[in-house]
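Here is a short briefing to read with the model open beside you. Take a look at the structure first, then work through the notes below.

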Amino acid sequence: MVSKISREQIQLLISQIKEPAYVLYPDSEGYEKSLERWSAVGCQQAGVIVRPTNTEDLATTVRFSRDNRLDLAIKGGGHSTDISCSSDGGILIDLGGMRQVSVNSIDSTVTAQGGALWRDVNDTAAQFNLALVGGTASQTGVGGLTVRGGYGYLTPKYGLVLDNLLSAKVVTAEGEVLNASKDDHYDLFWAIRGAGANVGVAAELRFQAHTQANEVWCGTVIFTRDKLAEVVQALNGALIHPQGNAAAQCVFAISPDTGAPVITTILVFNGPEEEGRMHFSSLVNLECINTNLEMKPYKVANTMLDDAMPPGGRKKIIGVKLVPPIRPEFASKLFEEVGRKLTTEPELAKSCLEIDYFDLSKVCGVPVAETAFPSRTKALNGALILQWVDPSKDQDFIAWGETIQNMCESEVRRAGHKPDKLVSTFFGYTHDDNMTPEDMFGVNADALLKVKRKYDPDNVFNKLNPLELSR
């Protein structure tokens with residue numbers, strides 16, 4: 001699927017869509033706005049943008065793309081930092097017009113359309129004293145995060161986002177709308193949980209929600225560099241909570257006030273302040289620059305990172321993995337290198353390296369073959385989040401980011417483990433990466449290829465973690 005759409009084909013597509021106002025091409029009002037994403041990196045000029053408001057128009061567009069062998073990309077929350085939700089001259093489906101969220105209070109389930117953001121889900125669920133495992137930022141898309149795994153502050157208690165998915169309404173390459181669950185089209189349901197971008201479009205997702213009547217104790221504590229070893233040791237010791245109520249993040253960044261490198265810890269405890277302080281006592285009793293910890297609604301906890309990473313500008317997320325407990329000596333090496341680069345490159349001043357201290361025992365309790373998601377290990381996930389302005393510096397900044405990734409891989413080897421690049425929330429690939437199905441999906445590769453051949457033999461969905469079907 002490499003063809004660009006012609007003006008004649010655009011008119012034909014418009015005639016098949018019930019809402020012509022939502023079909024946009026380069027000289028249409030609203031075209032540029034609909035192209036916008038969280039990051040400008042990898043954003044291509046689509047030949048046409050279709051912004052469906054219902055599953056029928058979505059299915060029509062997918063079918064049109066397949067029948068006319070046109071390049072197709074899907075944009076959900078638009079939070080990716082590569083070309084996986086972008087098309088050069090083909091069709092871009094923007095799911096931003098499908099953001100409805102509903103709650104069934106009887107069985108505590110939440111249903112969200114494919115274009116919903118976690119902000120939409122969290123706000124709606126909170127009205128019923130419910131919460132979902134979601135991302136750690138409210139501006140990310142529900143569909144994209146779910147089909148790639150999904151780690152959040154409730155992961156230690158309830159597992160991955162996709163482990164809480166009960167069913168999905170999926171548009172296949174043929175334009176069929178199938179309800180996928182453990183009872184219907186199970187092979188498709190298995191595949192979308194970890195490889196959804198390879199087999200269809202999740203038009204609607206139904207999740208198991210969890211009772212969340214209480215507020216959570218959360219906020220930030222910021223330390224100077226001389227406290228790094230103690231901070232890392234404290235976080236290592238607080239990784240596991242018997243009931244899975246604790247989660248933390250460690251962020252290396254530049255203080256906007258002083259311009260000096262600092263360590264920011266983000267703490268979330270799903271319970272009363274007294275218990276939270278006791279669990280994180282080794283950390284909160286350390287001398288710090290600033291602390292801002294208080295009881296807040298769970299939906300507010302998922303907005304703490306939003307201001308630091310607003311939409312717009314050039315951004316790149318580079319995933320890292322580390323085996324706990326993290327050595328303070330290695331953390332110091334990382335901190336020094338990140339601090340050096342961010343202070344000597346003013347454009348990168350708003351960048352950061354964050355490491356998720358989430359206990360992954362619940363994630364590892366699910367057999368790897370139960371879903372297509374391949375990365376069920378206890379390695380801690382992290383992300384180098386680069387932010388800058390000048391497009392001419394893309395290559396240099398991303399190359400430096402990959403050196404941080406390589407440092408972390410070397411540390412994993414030092415700990416006696418073999419590094420992998422299995423797909424997950426922070427690890428995704430495009431055609432430029434030359435990854436094999438086994439590289440990306442491990443032991444699930446063969447089973448996934450079988451599902452791919454059944455539901456997408458023409459390889460319509462080929463942007464993210466592309467699968468080679470010729471073998």
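Aspartate 394 touches Arg314 and Trp388, leaving aside residues up to four places away in sequence; contact here means heavy atoms within 4.5 Å. This is a predicted model, where local features need pLDDT of at least 70 and side-chain atom pairs count only at pLDDT 80 or more, while totals for chains, interfaces and linings use all residues. Residues are numbered from 1 along each chain as its sequence is written, and side-chain values use heavy atoms, with hydrogens and water left out.

**Aspartate 394**
- Aspartate 394 lies in helix H14 (residues 394-414); helices (H or I, at least four residues) and strands (E, at least two) are DSSP runs numbered from the N terminus.
- Aspartate 394 counts as buried because its relative accessibility is 16%, and buried means under 20% relative accessible area (1.4 Å probe, protein chains only).

**Helix H7**
- Helix H7 (residues 186-199) spans only 13 Å between its end C-alpha atoms, whereas a straight helix of 14 residues would span 20 Å at 1.5 Å a residue; the expected span is 1.5 Å times one less than the number of residues.
- At arginine 193, H7 bends by about 100 degrees, the bend being the angle between axes fitted to the seven residues ending there and the seven starting there.
- H7 is mostly covered, with 11 of its 14 residues buried; among them are Phe189, Trp190, Ile192 and Arg193.
- The partners of these buried H7 residues are helices H5 (142-147), H15 (437-441) and H16 (445-455), together with strands S8 (165-171) and S9 (177-181).

**Cavities**
- A cavity is a set of points, on a 1 Å grid over the protein atoms alone, where a 1.4 Å probe fits but cannot get out, and lining residues have an atom within 4 Å of a point.
- There are 3 cavities of 30 Å³ or more, and the largest holds about 50 Å³ of space; volume is the space filled by probe spheres set on the points, which are joined across faces, edges and corners.
- H7 gives the most to the lining of the largest cavity, with 5 residues; the lining includes Gly194, Ala195, Gly196, Ala197 and Asn198, as well as Arg148 and Phe427.
- That lining divides into 6 nonpolar, 5 polar and 1 charged, with Ala, Val, Leu, Ile, Met, Phe, Trp, Tyr, Cys and Pro counted as nonpolar, Asp, Glu, Lys and Arg as charged, and the others, Gly among them, as polar.
- The second largest cavity has a volume of about 40 Å³, and its lining includes Tyr153, Lys157 and Asn270.

How values were computed. Buried < 20%, exposed > 50% of the residue type's maximum accessible area, 1.4 Å probe, protein only. 1 Å grid on protein atoms, 1.4 Å probe; cavity = no way out; pocket = protein on both sides within 12 Å on 5 of 7 lines; lining within 4 Å.
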